[in-house]
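Open the model in your viewer and set it to a cartoon view. The stops below go from a helix pair to the whole chain and then to a single loop residue.

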Amino acid sequence: MSLIKLSLLVLLTLLVSGCGYIYGEDGLIKSRKYDYITAKQSKPLEIPPPLSHKDKADFTHLPNIGEQGKKGLYGKQLGQAAPIQLLAVMENTRVDKTSVAPAVLIIDRLEFIWQTATKFLEEHNVATSILDKEKRVIISRWLAIEDGGVWLGLDGSEEPDLIRAKYKISIVQGEMKGEHKLTVERIASQVRLDDDESWSDKLVTWQESADMMNLLLSYYDTRIRHQEARHQQQIMAGFKVELGQDADGNAALLTSAKETLVWEKIPKVMKELGFTIIDRDTRQKTYFMEYHAPEQGFFASLFEGGTAQLPLEDGAFQMTVGENGDQRSITFKDAQGVGIEADILVKLYPDLSRLFGDRR
């Protein structure tokens, strides 16, 4: 009985571990997964007598493979990974679909994009062979690459083992004003089977370049978010405004704060004063607003409190941000775009000064 159990156990072990001997490329039942590599055109179709066919064109004839197709991967070299998309999902980015290498068009300051690329490499200890700030070109030294195409050595500790690659990052003028084209390309790739063997060149795919581009875009997105967070803190902190004149001689508020801070602070301030923002013109740096004095309730009229009314009539108004020397001007205007009287701005100044300087 023990012998029978032992025999069954051995047989079961052979069945479980012997699947490789039954199926596969070296098994009894051959795998036909890559048969298409050696496929050949069969002999022409023969029509048996007495049947005939007037048109003897061979509709199954296959055209020759083009030069581009000959360079493509096939068989075991063909990757089965999911297609890669560039992570150009921010409002100021879009993919350049006409570029051969992965490229993204970014509306941002050239210096900020260049700093992002260089800081990205610095933080990950990536050595470079070329760092040309004038031409905005960076070429890395050899980097370690994982078999799946993911870049290793983000902390600079990984040494090239079996796969290594070089990358080129370039920034040029884009198609529109203020737009720049960021391109990332794996310009060289080498492999070896063992540490003792010599390196051999490997074909570079678009996906391998896109891997690095997505890492850089992710870093760019992080920098944008940090920059926006700092910007919002500055807006919350407020800034000082003084009475003065704009470049056209209108009564206005003057400040040394940056234009972007002033522009984004205005809606918060005017909302507190009871204004409703109707529209905005970013080119003319003008907000279009409406004002309706708050209605006083019955009980509010019995006390000295109540909601304070501004020295303005109900209607439409404008507020424009401009430049006056090295300062920014904030000009309060009526519906026709005419600056309000200086005495009215003086009456509004205490509330405007307090709100522009508040943390809100």
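A crossing of two helices is called right-handed if the near helix is turned clockwise from the far one by less than a right angle, and left-handed if it is turned anticlockwise. Keep that in mind for the first selection, and note that this is a predicted model.

Select residues 259-272, which form helix 6, and residues 342-357, which form helix 7. Their axes lie 10 Å apart and the packing angle is about 130 degrees. Angles from 115 to 145 degrees are neither roughly perpendicular nor roughly antiparallel, so helix 6 and helix 7 are oblique to each other. The crossing of this pair is right-handed.

Now show side chains at the contact. On helix 6, pick Lys265, Ile266, Val269, Met270 and Glu272; on helix 7, pick Leu352, Leu355 and Phe356. Six of these contact residues are nonpolar, two are charged and none is polar.

Next, zoom out to the whole protein. The secondary structure comprises seven helices and 16 strands. Colour the 360 residues by accessibility: 32% of them are buried. The exposed surface comes to about 24,600 Å², with carbon and sulfur atoms supplying 54% of it. Of the contacts between residues at least 6 apart in sequence, 55% join residues at least 24 apart.

Last, select lysine 135, in the loop between strand 5 (128-132) and strand 6 (137-140). Is lysine 135 buried or exposed? Its relative accessibility is 61%, so lysine 135 counts as exposed. Add valine 172 and draw the C-alpha to C-alpha distance: lysine 135 and valine 172 are 8.3 Å apart in space and 37 residues apart in sequence.

Key
Residues numbered from 1 in each chain as written. Predicted model: local features only at pLDDT ≥ 70, side-chain atom pairs only at ≥ 80, totals over all residues. Heavy atoms only, no water. Helix = DSSP H or I, 4+ residues; strand = E, 2+ residues; numbered from the N terminus. Buried < 20%, exposed > 50% of the residue type's maximum accessible area, 1.4 Å probe, protein only. Contact = heavy atoms within 4.5 Å. Areas by Shrake-Rupley, 256 points an atom, 1.4 Å probe, with all protein chains shown as cover. Axes fitted to C-alpha atoms, helices over the stretch in contact; angles between N-to-C directions. Parallel < 35°, antiparallel > 145°, perpendicular 65-115°, else oblique. Nonpolar A, V, L, I, M, F, W, Y, C, P; charged D, E, K, R; others polar.
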